[in-house]
Amino acid sequence: MTFYDYGIQIKKSSGQVKTKCPKCSHERKKKSDPCLSVNIDDGVWNCHNCGWNGAIKKQNNYMQEKIYVTPKSTKDMFDYSEKFIEWFANRGISKSTLIQNRVGEGNEYMPQVGKEVKTIQFKYYRDSSLVNIKYRDGAKNFKLVKDAERIMYGIDDLLGKKEAIIVEGELDKLAFYEAGFKNCVSVPNGASNLKMEYLKDFPTNIDRVYIAVDSDEPGQKLQEELARRIGRDVCYRVTYPNDCKDINEVLIKNKSFGVKDCISKAQAYPLDGVLNVNDFDLDIDTLYDNGLQRGETVGHEKFDQLFSFASSQLTVVTGIPTHGKSNFLEHICIKLSSKHKWKFGVFSPEHFPMQLHFSVLAEKLMGKSFRKATKYERMSKEDLDIAKRFISEHYHWIRPDGDVYTIDAILESAKGLIRRHGINALIIDPYNKIDANIGSQSETNFINKFLTKLTIFKQKYDIHIFLVAHPRKMQKKDNGYYEVPSLYDVAGSANFYNQVDNGISVYRDFKNSLTSVYVQKVKFRHIGELGYAQFKYNIQNGRYSEVGEHLDNDTYISDKQETML
């Protein structure tokens, strides 16, 4: 909504202005008297005559670069109180370590207790410039500087290093420093936030990364997501003695040699092609405790019985041109993003310009038509703003430089999206837009190497890869219908069946207005089974509903999700 939707006429784009009130000015003797005060920046108004007031939901510029607050420069003061030094000494951390890490002591207002109290001040620097400060009081209350950027604590300590240690808190960072490991950083907010915007500063040339987080469930989730984004091939999992939950407890109970022992016994993630039971001992225990878990489902009863979406999978989607294979995949992906918070990297050159592809996704998300001339319900400006914010959070388009798209360039971009945005899936649509560069090798050999690259990538970064591939030219049957294409019909090679985890074929019956989705391959039984489900296509919003389901025109965004956007 805008001011104009409420009948408020303003000529400026910012600031505080006075104008006529659409509720009462026309009834007043002085009709031109500007009795309505409007704060354009805050989106609020109040009439000093009739008392009418209100507010609009501001339209955020979702593409605008965020401007962060910079903390006021604070002078380092190392004349700590005895109580301060004693508190850290009880945790095995010396005054020398505090000084070298520029830890501060001072009074600060803490909202949790509603007053100013003595605090520990962990100062976050990047390139020697102060970026943020975390305050901790004696009751374990924390706060960061409001609207300041969140970066890794101690990121400058990784400059020029080939090995790094990542921990869950500042005390663990100081514990490693005390034990002689200065190449350590801490995440800024523990295991609570897995968005991990702070990884944008993490060096890309690190050869070995030790992940030493808490041994509880949130810590293990943090460990897995860090390894997924950085790359499991360079990551090592640090474990602790049974009586310790983190590295600071190890330092307290076992001194520096105990910390060094944890690093020396860190377990590498399994290497491709080199496997030993010890390499995945922790994974075996997890599988034993939890069992084989199905992937995520999308809310269509029959299709959910046939198939679920898990990480580290390669799924080929095929179908005759115009039968809707890309459209159905987009429907499924919108379901995964709205229902399970999946994020996608999208290489889809056939869908450029991007705003057209956005309009398709927005229709599916909001359940309303994007088009201007439509007989169906059209999404409002407010709906559009919600769609912008949601899609910008969950979808990132890949468009390598130049006119030739190589798989190496696409995967390099995807690797950056994994680290910075934590994408869960990569869409490549379609295969034939990727530069083959076959040279002297056969097409079959090229496809074999191509699919091997995708297999290694999805295993290394634990993501789901969707590959849309056209079939060879299909012949019509005597009744005028095409055969349902299988993965063996994908143009180029039978490897599109042999090397992938899953295969789906989308087939449209134009005469009866039905779309049949065939699950033709499922490598792992706990993921699904072979079979097909039938759908009706909703031309109003581009969604698919299973036969027998109600045609859904409601938004997929819940009130809670909208608040969080």
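Which residues of the largest nonpolar core touch the most other members? In this predicted model, they are V103, F176 and F202, in a core of 58 residues. Helix 5, residues 247-264, supplies the largest share of this core, with six residues.

**The chain as a whole**

The chain has 565 residues, and buried residues make up 48% of them. Its secondary structure consists of 14 helices and 22 strands. The C-alpha trace spans about 90 × 90 × 45 Å along its principal axes. About 28800 Å² of the chain is exposed, and carbon and sulfur atoms supply 49% of that area. Among contacts with a separation of 6 or more, 62% join residues 24 or more positions apart.

**Two cores**

F176, named above as a member of the largest core, is in contact with I165, V167, F181, C184, A212, I247, V259 and I263, leaving aside neighbours within four places in sequence. A second core, separate from the largest one, has 44 residues. Its members include F307, A310, C333 and Y544.

**C333 and E546**

C333 lies in helix 8, which covers residues 325-340. Its relative accessibility is 1%, and buried means under 20%, so C333 counts as buried. Not counting residues up to four places away in sequence, C333 touches F344, Y395, I427 and F466. One of these, I427, is 94 residues from C333 along the chain, and the C-alpha atoms of the two are separated by 9.4 Å.

E546 belongs to strand 22, residues 543-546. What is the nearest side chain of opposite charge to E546? That side chain is K302, 8.0 Å away, and E546 is buried yet has no salt bridge. A polar atom of the E546 side chain does lie 2.6 Å from the backbone nitrogen of F303. With neighbours within four places in sequence left aside, the contacts of E546 are H300, E301, K302, F303, A533, Q534 and F535.

The table lists the separations given for these two residues.

| Residue | Partner | What is compared | Separation |
|---|---|---|---|
| C333 | I427 | C-alpha atoms | 9.4 Å |
| E546 | K302 | nearest side chain of opposite charge | 8.0 Å |
| E546 | F303 | side-chain polar atom and backbone nitrogen | 2.6 Å |

Taken together, C333 is a buried residue of helix 8 and a member of the second core. E546 is a buried residue without a salt bridge, placed in strand 22.

Notes. Residues numbered from 1 in each chain as written. Predicted model: local features only at pLDDT ≥ 70, side-chain atom pairs only at ≥ 80, totals over all residues. Heavy atoms only, no water. Helix = DSSP H or I, 4+ residues; strand = E, 2+ residues; numbered from the N terminus. Buried < 20%, exposed > 50% of the residue type's maximum accessible area, 1.4 Å probe, protein only. Contact = heavy atoms within 4.5 Å. Lys, Arg positive; Asp, Glu negative; His and termini not counted. Salt bridge = Lys/Arg side-chain N within 4 Å of Asp/Glu carboxyl O. Polar contact = N/O pair within 3.5 Å; in protein donor to acceptor, adjacent residues only side chain to side chain. Core = buried A, V, L, I, M, F, W, Y, C linked by side-chain atoms within 4.5 Å. Areas by Shrake-Rupley, 256 points an atom, 1.4 Å probe, with all protein chains shown as cover.
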